[in-house]
Amino acid sequence: MKYQTTLNAVYAQLDRLGDLPIFSATVNRIRQVSSSRESDAMALAMAVMKDANLSAKLLKIANTPHYNRGHGEISVVSRAVVLIGFEPIQNLSMTLKLIEAFSIDEPGTGMDNLLISAFLNAAMAREIAMRSGAMDIEESYICGLLYGLGEIVVAYTLPERYRKMLKLRALGQEQWEGIQLSELGGHFSDIGQDLSQSWGFPKSVVQAMDPMSAELLKPSHRLNHLLAAGCHDLLELIYYRDTGRELDYGKRLRQLASCTGLTDKEIEASINASFRQVCDISVEYGLPAKALTPPYQGSGNSQLDELSRKLAFYISSRSEQFQAAEPRPITPVAQPVQPSQDQLQLDYLSKINEMLAAGAKPSAIVDIAVEAIERCSTLDRVAFCLLSDDRSKLSARIVRGLEGASLKKVMQLNSAEPKGQLFVRLVEKGSTLLVSDCTEQGWAERLPADFMRTVAPTGFIAAPLRVGSRSLGLFYADTVQLGKHVDDAAFRVFSQFLVQTRLALEVQRHEARTS
């Protein structure tokens, strides 16, 4: 009964304060549009533009160095969608609205810390999901973002009770989970689940917020709970907050490593990358970068203390840069510096955006995307095959990489032949095929013999390029060197530029229709 009383009080206060902007019609539209295969970049941009404040913030973020490496100002939302990406826009919108909704000046609740933690939790869950090859990394982000929703809502709607809970926690005489039960009649996760379900979030996201309900999920969705909960516990340790359980930093790393297949070092690399990302763009989100700094007070765990020290140093140095009065003009470098792979990818994304703004031909955009995949990944060869008008043939038109001429010659595919039938069907079904290692058991028997003989990949990716309901052709990329296969990083690069090409062509189609 006490929990129901608490929940009624939360809903009553939400009603008094008004509908939360985070779950307003704008965000619901964005979620619906970005999850629909029939939607295009312009439809998503139109959904965003219905919220002027959200549009302004997204444009500001699109022009940060994290997304735009100095290749011209992004001043149109549709361009921002192309540059940032279809699904990431949904996550950006959700995060911005979460921060906008709960950024209140309520002394003693530590709301900034709760919002920073939610942002970090989402970034860490996504980063680890991406490195581990999870099926839906964008949903991993949402699960991470909403994992602490119940605590945020309690601090927002019942600040006096929340302050009392914090005081009890500080005394150290009761466990945090026990305090939640005694003061609320349930856990924060219960409140978060009730609210997120009433606001229409998918069942897989709602159930991932609590360990008991997460047990009912399929393994691919259960991983999102393990990521969200694991990242939350790591943040509790990094910020020296008591979770009410006996947690050891090394043990928690090993648990995350076990469920993701990553090493401890890869998990820590994900933590570092997430902190750096959130630190570098926190100001644009309306959060103070200094709130990110761990309190580095010494835990007795050398591994955790070393991580905290490095994070504190980085955040402190970046905070000083944010507070600098005027940026100095950039002095031209005498010798060209070889860009990192991450920077090279962003440069190519900006190039596609510039070409779109200049009205480049679709074939030129596809050409630069093929070049980007080949240069930004470990893939040996990349090709675009054009679909014939009768949808029975695929012909390689743009090829780059090792032995490109021979690939172009053999990638003339007819659905009347086994190897042609395989790829034409992929285009018809709108499916992506990833074979990281062609020597793995089962693939040798399933792949057409003439394809393996003539194309001879050691691993390959094939995915259709569709604009709206129309299929234009097929992006194909492979590795051919002995012992070399398609890794997760290469697949991410391939997918990123395939999506950006599709979005750019959709924007062109929309602009052509309305001009």
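**Exercise 1. In this predicted model, find the bridge partner of Ile461 in strand 6, and place that strand among its neighbours.**

Step 1. The bridge partner of Ile461 in strand 6 is Ala477. Strand 5 (residues 459-467) and strand 6 are antiparallel and are joined by nine bridges.

Step 2. Two residues separate the strands in the hairpin of strand 5 and strand 6, where Gly468 adopts a positive phi near 65°.

Step 3. Strand 1 (residues 381-387) also runs antiparallel to strand 6, and six bridges connect the two; within this pairing, Phe384 has Phe475 as its bridge partner in strand 6.

Step 4. Of the 10 residues of strand 6 (residues 470-479), nine are buried, so the strand is largely enclosed by the rest of the structure.

**Exercise 2. Determine how the rings of Phe451 and Phe460 are arranged, and follow the ring pairs outward to the cluster that contains them.**

Step 1. The centres of the Phe451 and Phe460 rings are 5.1 Å apart with 75° between the planes, and the pair is edge-to-face; for that class the planes must be over 60 degrees apart.

Step 2. Phe460 also pairs with Tyr476, and because the centres of these rings are 5.9 Å apart and their planes stand at 25°, this pair is stacked. Since Phe460 belongs to strand 5 and Tyr476 to strand 6, the pair ties together parts that are 16 residues apart in sequence.

Step 3. Ring pairs link these three residues with Phe423, giving a cluster of Phe423, Phe451, Phe460 and Tyr476.

Step 4. To judge burial, apply the cut-off of under 20% relative accessible area: Phe451 is buried at 0%, Phe460 is buried at 0%, and Tyr476 is likewise buried at 0%.

**Exercise 3. Identify the residues with the most contacts inside the largest nonpolar core, and trace the surroundings of one of them.**

Step 1. The largest nonpolar core contains 143 residues, and those with the most contacts inside it are Ile271, Phe275 and Phe475. Helix 7 (residues 111-132) supplies the largest share of this core, namely 14 residues.

Step 2. When neighbours within four places in sequence are left aside, the residues in contact with Phe275 include Leu120, Met124, Leu235 and Tyr239.

Step 3. Another core, of 24 residues, lies apart from the largest one, and among its members are Val427, Cys438, Phe451 and Phe460.

**Exercise 4. Which residue lies over the face of Trp176, and which over the face of Trp443?**

Step 1. Arg169 lies over the face of Trp176, at 4.2 Å from the ring centre.

Step 2. Over the face of Trp443 lies Arg446, at 4.3 Å from the ring centre.

Conventions
Residues are numbered from 1 along each chain as its sequence is written. This is a predicted model: local features need pLDDT of at least 70, side-chain atom pairs count only at pLDDT 80 or more; totals for chains, interfaces and linings use all residues. Side-chain values use heavy atoms; hydrogens and water are left out. Buried means under 20% relative accessible area, exposed over 50%, partly exposed in between (1.4 Å probe, protein chains only). Helices (H or I, at least four residues) and strands (E, at least two) are DSSP runs, numbered from the N terminus. Two strands pair if DSSP finds at least two bridges between them. A nonpolar core is a set of buried Ala, Val, Leu, Ile, Met, Phe, Trp, Tyr and Cys residues joined through side-chain atoms within 4.5 Å. Contact means heavy atoms within 4.5 Å. Rings of Phe, Tyr and Trp (its six-membered ring) pair if their centres lie within 6.5 Å; planes under 30 degrees apart count as stacked, over 60 as edge-to-face and the rest as tilted. A charge sits over a ring if NZ of Lys or CZ of Arg is within 6 Å of the ring centre and within 35 degrees of the ring normal.
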